[in-house]
Amino acid sequence: MADSTGLLHLFKEQLENESTELAKKHGLTKRGDLLTWWYFLRMLNLEDTEIIQIVCDGGNDLGIDAVRIDDDNYVHFYQFKNPESISASFPEGDIDKVLGGLGLILARSYEDVANPELLGRIREIYQSVRNGYRLHLVSSGTGNSKEAEAKLNNFVDQLRGPSDDFFNWKLEDINYLQDTFYRKNLPTIQ
């Protein structure tokens with residue numbers, strides 16, 4: 001039986017190489033931007049212009065790196081982490097930051113603290129009733145802590161939406177990225 005961790009390390013290296021090429025092509029300098037662009041181009045098949053419109057990473061981003069409203073009227077908040085080590089878990093401090101940022105957005109206390117890109121995305125969210133909300137924690141590392149998971153679940157529970165699916169979160173770590181990428185891109189046998 002093949003060692004799946006070997007394949008995971010190979011995927012991580014390939015992701016790093018593709019991300020480096022994307023950085024050169026788009027003039028990206030921050031390590032986090034590499035994963036952001038790879039994810040939106042390769043996982044969601046977005047165009048460059050779409051990515052530019054949804055990315056709000058930088059100072060005063062409230063822990064939110066991108067906001068996308070999909071065709072089904074769901075709002076997707078993204079937080080990206082691109083650690084060098086595949087074994088690095090999603091940083092708990094960054095989870096605290098994004099939960100704090102979402103709290104400010106829900107309390108409408110973001111005007112004076114959000115960067116212009118995020119401010120524009122938030123204003124777009126408030127323009128019409130949305131079908132639901134999704135928080136994506138995307139990482140080229142592995143896992144998160146039990147405490148972080150408890151904080152995320154508590155945040156969602158406190159919202160008490162109209163259904164259990166109204167606001168949810170998902171960790172999309174290197175295992176998820178590899179699995180989803182290959183399921184999406186492998187040809188089907190007929």
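## Notebook: salt bridges, rings and cores

I started with charged pairs and found the side chains of R31 and E16 meeting in a salt bridge, 2.6 Å from N to O. R31 sits in helix α2 (residues 31-43) and E16 in helix α1, so this pair ties together parts that are 15 residues apart in sequence. Note to self: this is a predicted model.

I then looked up how open each partner is. R31 comes out at 28% relative accessibility, so I put it down as partly exposed. E16 has a relative accessible area of 16%, and that makes it buried because the cut-off for buried is under 20%.

**More salt bridges**

How many salt bridges does a search of the whole structure find? I got 14.

I picked K151 and E92 next; their side chains form a salt bridge at 3.0 Å, N to O. K151 is in helix α6 (residues 146-159) and E92 is in helix α4 (residues 92-106), so I'm looking at a link between distant parts of the chain, 59 residues apart. I have K151 as partly exposed, with a relative accessible area of 25%. E92 is also partly exposed, at 24%.

Then I went to E111, which has a salt bridge with R123; the closest N and O atoms are 2.9 Å apart. This pair again links distant parts of the chain, with E111 in the loop between α4 and α5 (116-125), R123 in helix α5, and their positions twelve residues apart. For E111 I noted a relative accessible area of 38%, partly exposed. R123 is partly exposed too, at 40%.

Which residues are joined into one network by salt bridges that share partners? I wrote down E92, D96, E147 and K151.

**S19**

I wanted a closer look at helix α1, and S19 is found there (residues 4-26). Is S19 buried or exposed? Its relative accessible area is 1%, so I filed S19 as buried. I checked what its side chain reaches: a polar atom there lies 2.8 Å from the backbone oxygen of L15. Setting aside neighbours within four places in sequence, I found S19 in contact with L34, L35 and W38.

**Rings**

I moved on to aromatics and counted 15 aromatic pairs in the structure. For F11 and F181 the ring centres are 6.0 Å apart and the planes are at 45°, so I call the pair tilted. F11 lies in helix α1 and F181 in helix α7 (residues 174-185), so the two rings tie together parts that are 170 residues apart in sequence. Both F11 and F181 are buried.

I also pulled up Y133 and F166, an edge-to-face aromatic pair with 5.5 Å centre to centre and 75° between the planes. Here Y133 is in strand β3 (residues 132-139) and F166 is in the loop between α6 and β4 (167-172), which puts the partners 33 residues apart in distant parts of the chain. Y133 is buried, at 17% relative accessible area. F166 counts as partly exposed, at 24% relative accessibility.

Back to F11 and F181: which aromatic cluster are they in? I found them with W38 and Y182 in one cluster. W38 had already turned up in my S19 entry as a contact of that serine.

One more ring entry: R108 lies over the face of Y126, at 3.9 Å from the ring centre.

**Cores**

Last, I went through the nonpolar cores. The largest holds 29 residues, and I noted I64, F77, L135 and L137 as the ones that touch the most other members. I listed the elements that give two or more residues to this core: β1 (66-69), β2 (74-81), α4, α5, β3, α6 and β4. Which of them gives the most? That is α4, with five residues.

I followed I64 a little further. Leaving out neighbours within four places in sequence, I have I64 in contact with C56, D57, F77, Y78, V98, L102, I105 and L118. F77 is thus on two of my lists, as a contact of I64 and as one of the residues that touch the most other core members.

There is also a second, separate core, with 26 residues; W37, A66, I86 and V138 are among them.

Note on methods: Residues numbered from 1 in each chain as written. Predicted model: local features only at pLDDT ≥ 70, side-chain atom pairs only at ≥ 80, totals over all residues. Heavy atoms only, no water. Helix = DSSP H or I, 4+ residues; strand = E, 2+ residues; numbered from the N terminus. Buried < 20%, exposed > 50% of the residue type's maximum accessible area, 1.4 Å probe, protein only. Polar contact = N/O pair within 3.5 Å; in protein donor to acceptor, adjacent residues only side chain to side chain. Contact = heavy atoms within 4.5 Å. Salt bridge = Lys/Arg side-chain N within 4 Å of Asp/Glu carboxyl O. Phe/Tyr/Trp six-rings, centres within 6.5 Å; stacked < 30°, edge-to-face > 60°. Lys NZ or Arg CZ within 6 Å of the ring centre and 35° of its normal. Core = buried A, V, L, I, M, F, W, Y, C linked by side-chain atoms within 4.5 Å.
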